[in-house]
Amino acid sequence: MTSSMRISRLISRSLASASLLARGGGNGYLSRGLSKYSTASAALEEPIKPSIQVEHTQLLIGGKFVDAASGKTFPTLDPRTGEAIAHVAEGDSEDVDRAVVAARRAFDEGPWTKMTAYERQKILLRAADLIEKHNDELATLETWDNGKPYAQAAEIEVPMFVRLIRYYAGWADKIHGLTVPADGSYHVQTLHEPIGVAGQIIPWNFPLLMFAWKVGPALACGNTVVLKTAEQTPLSALYAARLFHEAGLPSGVLNVISGFGPTAGAAIASHMDVDKVAFTGSTDTGKIVLELAAKSNLKTVTLELGGKSPFIVCEDADVDQAVEAAHFALFFNQGQCCCAGSRTFVHENIYDEFVEKAKARALKRVVGDPFKGGIEQGPQIDSEQFEKILKYIRSGVESGATLETGGERLGDAGFYIKPTVFTNVQDNMLIAKDEIFGPVQSILKFKDLDEVIRRANNTRYGLAAGVFTKNIATANTLTRALRVGTVWVNCFDTFDAAIPFGGYKMSGQGREKGIYSLKNYLQVKAVVTPLENPAWL
Amino acid sequence: MGSLSNGHSIDIKFTKLFINGQFVDSVSGKTFETIDPRTGDVIASVAEATKEDVDAAVQAARHAFDSGPWPRMSGSERGRILMKWADLIDQHTEEIATLDTMDAGKLFQFCKMEVPSVANMLRYYAGAADKIHGEVLKTAGKFHAYTLLEPIGVVGHIIPWNFPSSLFFTKVSPSLAAGCTMVVKPAEQTPLSALFYAHLAKLAGIPDGVLNVVPGFGKIAGSAVSSHMDIDKVSFTGSTQTGREVMQAAAKSNLKQVSLELGGKSPLIVFDDADVDTAAQLALIGILFNKGEVCVAGSRVFVQEGIYDEFEKKLVEKAKAWVVGDPFEPNVQQGPQVDKRQFEKILSYIEHGKREGATLLTGGKAIGNKGYYIEPTIFANVKEDMLIAKDEIFGPVMALSKFKTMEEAIERANNTTYGLAAGIVTKNIDIANTVSRSVRAGMIWVNCYFIFEHDIPFGGYKASGFGKDYGMEALHKYLQVKSVVTPIYNSPWH
């Protein structure tokens, strides 16, 4: 079964069976776990020791693993404990320079850019096969570094990575320019050419998926890449990039720099020899990236930024399904999703029932060591996020929202937070306006469609929205009225390689995934020549 | 056991019809002999499909389409299965290439390249299966409208014998990617590789009933396909005459959609500024490749008067050096014609050419007294009303003539009922562009010939057919467009 099927079955099954992470096979490991664990106990046990060693901690430049020019390293931490997993070479501007030189040479001299698209496709397909083969190692690194449930990494994210790379492999030999009708006797064609050296800066919440969203289309279009991973999660990308090289990717085509935003990230965004920068992360950092691009060489920019996505439950919705989907929309991945459904708008006629059930669902959420079977929620990524989320929870209480459940850390080690539900949330409260990026659900009440449209759109963000209704007219009206890049109707977080994703307003620029993502990595060249005595125009 | 030269030997494993995932005898129990064109000897007896067998195959395909998993799985999943099939083909290159060489008399060296290239074509469409996009439409009224591209249903494919592997996958790959189910009738001359591919398809996980292969004859099995009431689309590659019959049968039965890739009499136009040696080589390969059994063969060669004499001299030299013989021999450039009928037809055209007053520069005879070998044959001073300038000969016979101006070359190139392909040899960009637009043909090769790629659409103008093979275009032959419209209320934009 493909990962996309798995996701969609997972969603549909969950809507029917109350466990959003139930496996395709029918025996939901989480539903099995529900009776065994409670939010109070699981996190206190001794952390499970991962089954693998960390193999790669250096920078990957020009096809070789190398130390940072400065010799510096930084620790990457296990969010279950806050202790170091490994010390990783810390890339800075000098390392970015080296990586850009390697990528530039690979772009200018080949063989990557000079081979046929068919050959590039074959390399990407081989890489996908290798990733598939090393599914469990990659998933283990992902969980260890990020804290996400192992089953989520192993059964959804790594398979989706494979699906994404295969999808883009299929595009490599189907990138078509146009022949263009001009108002005159001219023969006009457009060539779609790779843009050059792409700088890509990815976040820590889905390290591998963000790698695939960025690297997949860039390589399919024939670019070369300098990828900066998040300092919280450098490990899986190094391993995956090695597999790309094993698959035959030439040296210098994909360079991976571990490091920090203000140093390595800024060096990429402001580099004079990087032709394009793609960034996923916070809106504030996105602004800096755009500014640096403007101040340096006017490189083109793709941004996928924050959100405060509405999840709208209409009067006619199936309440049980909506509760489960809204729960998933917010709590999935510890609430660390840019498109999290963080404003749950519920129609007043079903509000009380919804609140009661949403609270009950949050109470049942199984939090604990992400390596343990049956766990739905692991720790937050790091102490900074952890403290920030707790601060927002305090702000929610202080501003008068009703704390229905959760609201505090779980255990005394690592960065676990109890699933938290606020009701009676007002639009002007901070928890209704800011992206919290944690397991904090805010439930708001609405009366009619026009009102909820206005309120849902009253945000600087525009990443995604969820709509739950059985009425096709309501669905269509909301679909068009919401100023967001993705509308999920009676589902949420349904991702696939073919479905474009990106934001309106301050949630970003450009679209990733699908055919649209290719635009981010292609230049269009118009070729014009006179036609003498043409048979037709 | 097939008997082969050079130590090649092979078990013929699959000789029955492939219906609903099983190899079965024909309902009638009848078989026919498939012949080795090198010797005229029998390679194997193959089950012969008649109408009853086609009915059974269509029933299996219909069931697989209406109730089976194939059209209901995601494009990505179909793509995974097609990828696996491609990998299996790569593992059997030698064996399949041997079948094609034995069955069709094609060069073994070429078949060993052709088989991997069909695996690549399959991969192209495997990658296309999840990239079939409908559109969301702009309506004048307050409506939300979109298109769904849906598989057309049960497809009948009728394929010829000149490229048994390539043409099998030309048809099958995009229709499978689109989610169709199908009944494939290979040519009676070359049924063997198609059956082998069916076997590998099953191993790859293509569900039973999705791909059915029914070897047999055009008048019986082919006609049962094109006139079937429960086939939604027929895709045919072959002669223009048979193409007309297929289309008529479709019209008389259930108005099934038709795509036709038919004959050609393609011009190759060589201008004064061309490199003569390169152009002569191109012209030679243009007519002799695959013994001239190519629908796009450059069978009319027009050479501008300034270089004509030198061109003719070089061309004849090269033709005389061309090696005809057993296609398993690595140095051989041309094997036997596919069967006795084609062999005799070509020789009769050669006689016509002589009678009509064209100048025979070289060739013109059969070689040896066993098998169907014919000398590379070049006629000069060919006039446009001669049969050898008008008909598709489908053999190693070139009609060469001289022209003065570009305008004249264009006019003469277009003076044909066909419009499949054309070649232009020139260094001049204006000539290249003007002639490219002026020739009424579906494929123009400028300073090259026979360049087929998976991403390059191919198909004819005029009596050479309609509908494109290859590229994303080919998918649309196997897709229906459904428009979905619903009122929209309070939309903030239109």
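**Reading helices, cores and strands in a two-chain model**

Me: Let me start with one helix: which residues of α9(B) are buried?

Reply: In α9(B), the buried residues are V276(B), A279(B), A280(B), L282(B), A283(B), L284(B), G286(B), I287(B) and L288(B). Do keep in mind that this is a predicted model. "Buried" here stands for under 20% relative accessible area.

Me: And what do those buried residues pack against?

Reply: The buried residues of α9(B) pack against three kinds of neighbour in chain B: the strands β14 (267-270) and β15 (300-304), helix α10 (305-321), and the strands β20 (397-403) and β21 (421-425).

Me: How does the span of helix α9 of chain B agree with 1.5 Å a residue?

Reply: Helix α9 (residues 276-288) of chain B has 13 residues, so at 1.5 Å a residue a span of 18 Å is expected, and the end C-alpha atoms are indeed 18 Å apart. The expected value takes 1.5 Å times one less than the number of residues. Look just past the helix, too: α9(B) is followed by N290(B), with a positive phi near 55°.

Me: Now a helix with neighbours from both chains. What covers the buried residues of α14(B)?

Reply: The cover includes β6 (186-194) and β20 (522-530) from chain A, and β14, α13 (406-414), β21 and β22 (443-446) from chain B. Helix α14 (residues 429-438) of chain B is mostly covered, with seven of its ten residues buried. Those buried residues include N433(B), T434(B), R437(B) and S438(B) as well as I431(B), A432(B) and V435(B).

Me: How should I think about a nonpolar core, and which residues touch the most other members of the largest one?

Reply: The general idea is that nonpolar side chains tend to be buried together in soluble globular proteins. Here the largest nonpolar core has 217 residues, and those touching the most other members are F211(A), F244(A), F354(A), W85(B), I89(B), F168(B) and F311(B). The most is given to this core by helix α6 (residues 150-172) of chain A, with 14 residues. Another core, of 29 residues, lies apart from it and has C314(A), V440(A), I453(A) and A481(A) among its members.

Me: Could we zoom in on one member: what does I89(B) touch?

Reply: Leaving out residues up to four places away in sequence, I89(B) touches I96(B), V115(B), V118(B), A119(B), L122(B), F169(B), Y197(B) and L200(B).

Me: On to strands. Do β10 and β11 of chain A pair in the parallel or the antiparallel sense?

Reply: Strand β10 (residues 276-280) of chain A pairs with β11(A) in the parallel sense, over five bridges. As one example, A278(A) has T302(A) in β11(A) as its bridge partner. Between the two strands, the chain passes through helix α10 (residues 283-295) of chain A, and this β-α-β crossover is right-handed. Strand β11 (residues 300-304) of chain A is itself mostly covered, with four of its five residues buried. It is also joined to strand β19 (residues 508-509) of chain A by two bridges, running antiparallel, where L303(A) stands opposite Q509(A).

Me: In the open sheet of chain A, which strands stand at the edges?

Reply: The sheet has three strands in the order β5-β6-β20 (chain A), with antiparallel pairing. β5 (179-180) and β20 of chain A are at the edges: each has a single partner strand, so one side of each is left without a neighbour in the sheet. Two bridges join β5(A) to β6(A), and V180(A) has V188(A) in β6(A) as its bridge partner.

How values were computed. Residues numbered from 1 in each chain as written. Chains lettered and ligands numbered in written order. Predicted model: local features only at pLDDT ≥ 70, side-chain atom pairs only at ≥ 80, totals over all residues. Heavy atoms only, no water. Core = buried A, V, L, I, M, F, W, Y, C linked by side-chain atoms within 4.5 Å. Buried < 20%, exposed > 50% of the residue type's maximum accessible area, 1.4 Å probe, protein only. Contact = heavy atoms within 4.5 Å. Pairing = 2+ DSSP bridges. Right-handed = clockwise from strand over helix to strand, strands pointing away.
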